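Please work through the exercises below with the sequence and the coordinates at hand. Each task is followed by its worked solution.

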Amino acid sequence: MGGLSKNSVYWGGYGVVMATALMAGCLAMASTAPLLVVAALVAVAAAMFPALWSPRTAHWVPVIVLGTCAVSQVATFVFQGPVAGEAETWWLVESVGLMVLMVPAVRRPRGRTALVLTVLLTATITELPLRMVLRVDPPANFEQAVKLCLAWLLLAAAANSTGCYLRVLDARGSAALAAERRTQRLELARDLHDFAAHDVTGVVVLAQAAQVLVDQDPKRVGELLTRIEEAGRQALSSLDRTVHVFTGDDAATVRHGRHAGETADAGGDAGGDALRPRPRDLDGLKALTDRFARTGGAAVRLDLADGALADLPWRVSELGYRAVVEALTNVRRHAPGASEVCIAVSRAPYGGMDTLSITVIDDAPNVGSEEDSGEPGEPERLGGGTGLADLQRRAADMGGELAAHPHPSGGWRVSVLLPLVASGPGSGNEQDRPNG
């Protein structure tokens, strides 16, 4: 279009059409009552006004509809005849214009305004035949006039139905857009909870340890400060990654990942992959456990069975990683006495299917474990958050399960079983692509 905007094209086309209609109207006024020609031109100009068809300029609708109806009503009750020349043609043009105008009048304004405009337009359209049947020679009888008015009423109802249908489609589209935005907000909140909160919790734990040691062992405080810096940089990296995922800025994601230390190098890899952001699936499990051990007081023992992570569906790998992050975050928050966390990952049969099995067990003393032995997800150890509860729902949607409860030998146990062939909602091929 040579750089022209769509808005410019609309207004340009509108100007051409109206100029043509105005020229035709001027020529017709020589043999047709000017009032009829003017009423028809106003109806056409209103029906085709580009601002009426954009939701951003819906405030124009009541003004234009009221003005058009006023002109048409004046023409109907002031015109005294005779019906000559092209009067019938312009009358039909006005009728079509008013019916087209009915669509945005029903579709765009709010409920009560739309109702008032609809009633006014319906009355104006229904009265249009009176302008002709009462002024012809000889005039039509009462029965003929009523029949013609009823026919125009049906046409107005058809135009009204079209506007209502489009209004319903708009409402559905708005609802779908709102639902999509809500889904994105929930995904953003989930990412912040699962990843950023995990790293921030590490900063808090280390800062608390530094406060304890500042008088007892000042030399160790310097070491803790270094670890606090590392954990803080990792938290910033998680926040940056989450924001850039939702803004679609892949280049910025890589750039921030590099500067914040969120690289494949965290797992001991270097070279061309050094700029790759930390993966948020089980490919990053080793790097995750290493960071947890460096920025916390508990050691981590990772028991990874041979082939356990081979050819995992992405949804399984991503949810498994989130479950481990949540379990480690809860250890930091609610199990400061834990000295070791054991993470075991393997393949196991479950419900006749091959599944990925993940267990996370810490050795912290179970204070009040008798009170905490209720249903999974309910004990105080879970901190009252929605992290594990959300993961339980997602695991169930995939046909698996997630459980969290005190371990018989002490500590806490989080176990996850995820079918390798997803059976729940959203298990399409796009989401089940192999991991890595």
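The exercises treat the chain as a whole, one helix, the aromatic pairs and one alanine.

The model is predicted: local features require pLDDT of at least 70 and side-chain atom pairs count only at pLDDT 80 or more, whereas totals for chains, interfaces and linings use all residues. Residues are numbered from 1 along each chain as its sequence is written, and side-chain values use heavy atoms, with hydrogens and water left out.

**Exercise 1. Characterise the chain and the confidence of its model.**

Step 1. Eleven helices and five strands are found in the chain; helices (H or I, at least four residues) and strands (E, at least two) are DSSP runs, numbered from the N terminus.

Step 2. Of the 436 residues in the chain, 42% are buried. Buried means under 20% relative accessible area, exposed over 50%, and partly exposed in between (1.4 Å probe, protein chains only).

Step 3. Among contacts (heavy atoms within 4.5 Å) with a separation of 6 or more, 73% join residues 24 or more positions apart.

Step 4. The average pLDDT, the predictor's confidence in each residue from 0 to 100, is 79 for the chain, and 78% of the residues score at least 70. Over residues 250-278 pLDDT stays under 50, and the model has 41 contacts beyond four places in sequence for them. Residues 368-385 also stay under 50, with 29 such contacts beyond four places in sequence.

**Exercise 2. Determine how the buried residues of helix H3 are arranged and what covers them.**

Step 1. Helix H3 spans residues 60-78, 19 residues in total, and reaches 27 Å from its first C-alpha to its last, close to the 27 Å expected at 1.5 Å a residue. The expected span is 1.5 Å times one less than the number of residues.

Step 2. The buried residues of H3 are Val61, Ile64, Val65, Thr68, Cys69, Ser72, Gln73, Ala75 and Thr76. They lie on the same side of H3, because they cover an arc of only 160° around the axis, taken from the directions from the helix axis to the C-beta atoms.

Step 3. Val63 and Phe77, on the other side of H3, are exposed.

Step 4. The cover over the buried residues of H3 includes helix H2 (34-47), helix H4 (87-107) and helix H5 (111-133).

**Exercise 3. Analyse two of the aromatic pairs.**

Step 1. The whole structure contains five aromatic pairs. Rings of Phe, Tyr and Trp (its six-membered ring) pair if their centres lie within 6.5 Å; planes under 30 degrees apart count as stacked, over 60 as edge-to-face and the rest as tilted.

Step 2. Tryptophan 11 and tyrosine 14 are edge-to-face, at 5.8 Å centre to centre and 85° between the planes. They are three residues apart in helix H1 (residues 6-28), and therefore separated by about one helical turn. Tryptophan 11 is partly exposed at 36% relative accessibility, while tyrosine 14 is buried at 14%.

Step 3. Tryptophan 91 and tryptophan 152 are stacked, at 5.0 Å centre to centre and 10° between the planes. Tryptophan 91 lies in helix H4 and tryptophan 152 in helix H6 (residues 142-216), so the pair ties together parts that are 61 residues apart in sequence. Tryptophan 91 is buried at 10% relative accessibility, and tryptophan 152 is buried at 12%.

Step 4. Trp11, Tyr14, Phe49 and Trp60 form one aromatic cluster.

**Exercise 4. Describe the surroundings of alanine 159.**

Step 1. Alanine 159 lies in helix H6 and is buried at 9% relative accessibility.

Step 2. Not counting residues up to four places away in sequence, alanine 159 touches Met99, Met102 and Val103.

Step 3. The C-alpha atoms of alanine 159 and leucine 98 are separated by 9.3 Å, although these residues are 61 residues apart along the chain.
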